[in-house]
Amino acid sequence: MKIIFSLFLVFLISSFNLYSPQVVANDALQWPRIFSAIDVDPNLERRIASLLSEMTLKEKVGQIIQPEIKNVSPAEVTKYHLGSVLSAGGSYPAKRHSDIITWVAAANQFYQASIKHPNKRTAIPIIWGVDAVHGHNNVVGATIFPHNIGLGATRNSNLIRAIGEVTAREVSVTGLNWAFAPTVAVARNQRWGRTYESYSENPELVAQLAGAMVVGLQGHPSRGDLFADDKVIATAKHFIGDGGTTNGIDQGDTELDEKALRDLHVQGYVAALDAGAQTVMASFNSWNGNKLHGNHYLLTHVLKEQMGFDGFVIGDWNGHEQVEGCSAQSCSQAINAGVDMIMVPDDWRAFYKNTLRQVKKGEISTARLNDAVSRILRVKLRAGLFTETGNPLKNAFSGRAQIIGHPKHRAIARQAVRESIVLLKNNDSLLPLSPTSRILVTGAGADNLVMQSGGWTVTWQGDNTSNVDFPGATSILHGIKSAISHSTGVVDYHSQGEYKVKPDVAIVVFGEQAYAEAKGDIEDLFFKTDDFKILERLYRDGIPTVSILLSGRPLFVTEQINRSTAFIAAWLPGSEGQGIADVIFTDDSAGIAYDFQGKISFSWPKSADQAPHNLGDNNYQPLFPYGYGLNYTDQTNLPWFVEQ
Ligand code: GLC
C-alpha cells in the first residue's frame, strides 16, 4: 500500500511541479553561451583523466574541501589531501600585522604539505583563496583601491584592468594564488550592505568592468600573460542574483521570473567567464525561495550546461548549511546541485567524513564527485600550479615585499580616486580651490583612513583599525595639506569645525562608518551624522563649504547638499586620499590640474524611501539620475531641494 501511495505522490509532484520552484522554470528560456578565452586543451584533459584514475576516494573528497587557515594545520592538509584553504576577511597567517615573509612561509607550508605524497603523480598542489576585493586588503601596507562602486563611476576599463594587475601582483607577493574577485553583483536596492561591492545598478556597465578586472587578475591569452607568476585565479561572484533581493536584504530572496533574473543578473558572469574567469562563487541568496547553494537548475543546468562554464563552483562561507536538510557538517544536496568545492571554514573534518560516507552510500554519485574533482584539477592545471609556479618559493614575485604598496601601484590607485569621485554640486563655481586659500578642514572622515577605505580592509568589517594600520596611505586631510604646501595657503583642521580666523572656504568630510555584508543593511536611505551640525553652523556663518561624502552607496543627504556650496560623492576611495586634492585644487599656474570625470553608476535618491529606484523604472525621478556628474565646464547652480 505504502509503495502505491509513494508512486502516486511522485506522480503528483512531477506532474504538478509541487516540489521545487526552479523546476517550473521555463526550459525554453535560453541563457547566454559563454566563449571562454581559455580553450579546452585535449592534453590537459587527458592529464585530468589520468590523475582522476589514480586518485583514491579519500583524495577526491579531500580535494573538494576548503577550510579556513585558522582551523587547519599543514599536517592535516597532507592527511586529508585538502584541495584548498582560504583566509577570510581579516584573517592572516599570524597576528594582524603578518609581514610578507610570514605570509609566504605559511603559503609554502601549505603547499609542501599538499604535495607530500607517496605517489608523486597524484600529489595535487593546494590553492589558497583570499578576498582581495579592492587590493590585497588583508595585508597591512597593501595598495587599497576604491571599492567597486567608485570604480563603476570611472567607467574606465583600462584602469580597472590595471587595478586587477596590481592586485594580482600584490597577492602573488604573499605566495597566494586565488582572489575571490570580482564581485559582479548588480545591486538594485541600495539598502543592501554590499552595494559598494557592486560596480553598478546597470548590468551592461557591470559586464564592461568585470571582464576588465578578470583580465587584470588572471592575464589573457591574447596578452601573453595568462597565469604568469604575478597573476592569480579570479572568481566571479556571487552566482546568482545577490544584488536583487527583496528590500536589499543580504542573503535574502531574489523574487524574479527567470527572464528577469537572466537579463538583470547574468551579464557580469558572461563578461567575466568570457574573459576566462576560472571559478564562480555560489551565492547565499535564494531565487524564489530556493537557496542558490542547493539549486541544481541554476548551478548545473544553467551555469554549466547551458552557459558552458567548465571551471569550478566554490561555495560561499558555510552557504551550504542554508540549504534545506543541510548543516555546516553535511550537505550532499549542495554537491549534487553543482557546488564543486565547499567553503566549510570550521567544521570541515565532519564535512569530510560525512561526504565520504555519502559517496560510499551513493547519496553523492561517483560521477558527480569525479566531475567536481575534474573541474578543480582543470583550474589548477590551467593556472600552472602543477609546475614550479605552484611553489610559493619558486614564484618570481613571492617574498618581494617592496612591491606591496609600491609607489607605482599607489599612483594607479590615486588615479582611480581622481576618476571615481563625482561632483554633484558646484554652485558659484566654488571649485576648484586656489592653494592660496585659508581652508578649514573638519568632519569625521577628514583624517580617517578607516572610513576612507570601508569594509574588507585589514579586518572583515573594517572595524577595530586606525590610521596606523595603513602605512604608506594618505588621508584626505593629508592630501589637502600637500596640495597647498608649496603655496601661500593655510589649512586649519578642527574636529568640530571651529575657527579663530574666518576661513575662505571649509571642507567637511563625513560619511558612513565601515561595514561589510549584512551589517551594512539599512531600513531606508536616510543619513545624518553629528557632522551635520558643523555644516549647519558653517552655512549660518556664510562660509562657502565643500562637502565630501564617504559612503558605500548613494544616500538621502538632501539637507546636507542644500547647505553645501559644493558636494562631492567620494564613495570609499581607499588608501590614496590625495587623489581628491588632485582634483579640487588648481595647479601651480592656477589652472585645472585634473577635472572631475566620475559619473554616478547608481541612481541618487531624492527621498529616504526611494529604494529600489533604478534607471528604467517607471516614473523614474531620482535626485540625480544614473550617469550624472558635473565637471568644471558646467556652470550649473543647483536650487534648494525640497527636504522630506
Ligand atoms: C563571505 C562573502 C564572500 C567571501 C567569503 C570568504 O561571506 O560572502 O564574498 O568571498 O565569505 O571570505
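## A tour from loop to ligand and core

Start by selecting N318, in the loop between β10 (312-314) and α12 (332-337). Helices (H or I, at least four residues) and strands (E, at least two) are DSSP runs, numbered from the N terminus. You are looking at a predicted model, in which local features need pLDDT of at least 70 and side-chain atom pairs count only at pLDDT 80 or more, while totals for chains, interfaces and linings use all residues. Residues are numbered from 1 along each chain as its sequence is written, and side-chain values use heavy atoms, leaving out hydrogens and water.

Stay with N318 for a moment. Its phi is positive, about 55°, although N318 is not a glycine. N318 counts as buried because its relative accessibility is 8%, and buried means under 20% relative accessible area (1.4 Å probe, protein chains only).

**Next, the ligand.** Show the 14 residues that surround the ligand, each with a heavy atom within 4 Å of it. The closest are D131, R194, K237, H238 and D316. Now draw some polar contacts, meaning pairs of N or O atoms within 3.5 Å; within protein, one must be able to donate a hydrogen and the other to accept it, and residues adjacent in sequence count only if both atoms are side-chain atoms. The side chain of D316 has an N or O atom 2.6 Å from a ligand oxygen. For H238, the corresponding distance to a ligand oxygen is 2.7 Å. E517 brings a polar side-chain atom to 3.2 Å from an oxygen of the ligand. On its own the ligand has 310 Å² of accessible area, and the protein covers 96% of that (Shrake-Rupley method, 1.4 Å probe).

While H238 is selected, check the backbone too. H238 lies in strand β5, and a cis peptide bond joins K237 and H238, with omega about -5°. For another cis bond, go to A181 and P182, where omega is near 5°; P182 sits in the loop between β4 (178-179) and α8.

**From β5 to α10.** Select residues 267-274, helix α10, where six of the eight residues are buried. What do these buried residues pack against? Their partners are α8 (203-218), β5 (235-239), α9 (258-265), β7 (279-282) and α11 (296-306), using contacts with heavy atoms within 4.5 Å. Just past the helix, look for G276, with a positive phi near 105°.

**On to S172.** This serine lies in helix α7 (residues 157-173), and its side chain reaches the backbone oxygen of A168 at 2.8 Å. S172 has a relative accessible area of 2%, so it is buried. Measure C-alpha to C-alpha from S172 to R400: 9.3 Å in space, for 228 residues in sequence. Beyond four places in sequence, S172 is in contact with D229, D230, K231, V232, F397 and S398.

**Then S420 and W571.** S420 is in helix α15 (residues 407-420), with its side chain 3.0 Å from the backbone oxygen of V417. Leaving out residues up to four places away, S420 touches several others, including P146, A569 and W571. Click across to W571, in strand β17 (residues 566-571): here is another positive phi, about 60°, on a residue that is not a glycine.

**Last stop, L423.** Is L423 buried or exposed? With a relative accessible area of 0%, L423 is buried; its place is in strand β12 (residues 422-426). Its contacts further than four places along the sequence include L431, F567, I568 and Y628. Q597 is 174 residues away from L423 in sequence, yet 8.5 Å away in space, C-alpha to C-alpha.

Methods. Buried < 20%, exposed > 50% of the residue type's maximum accessible area, 1.4 Å probe, protein only.
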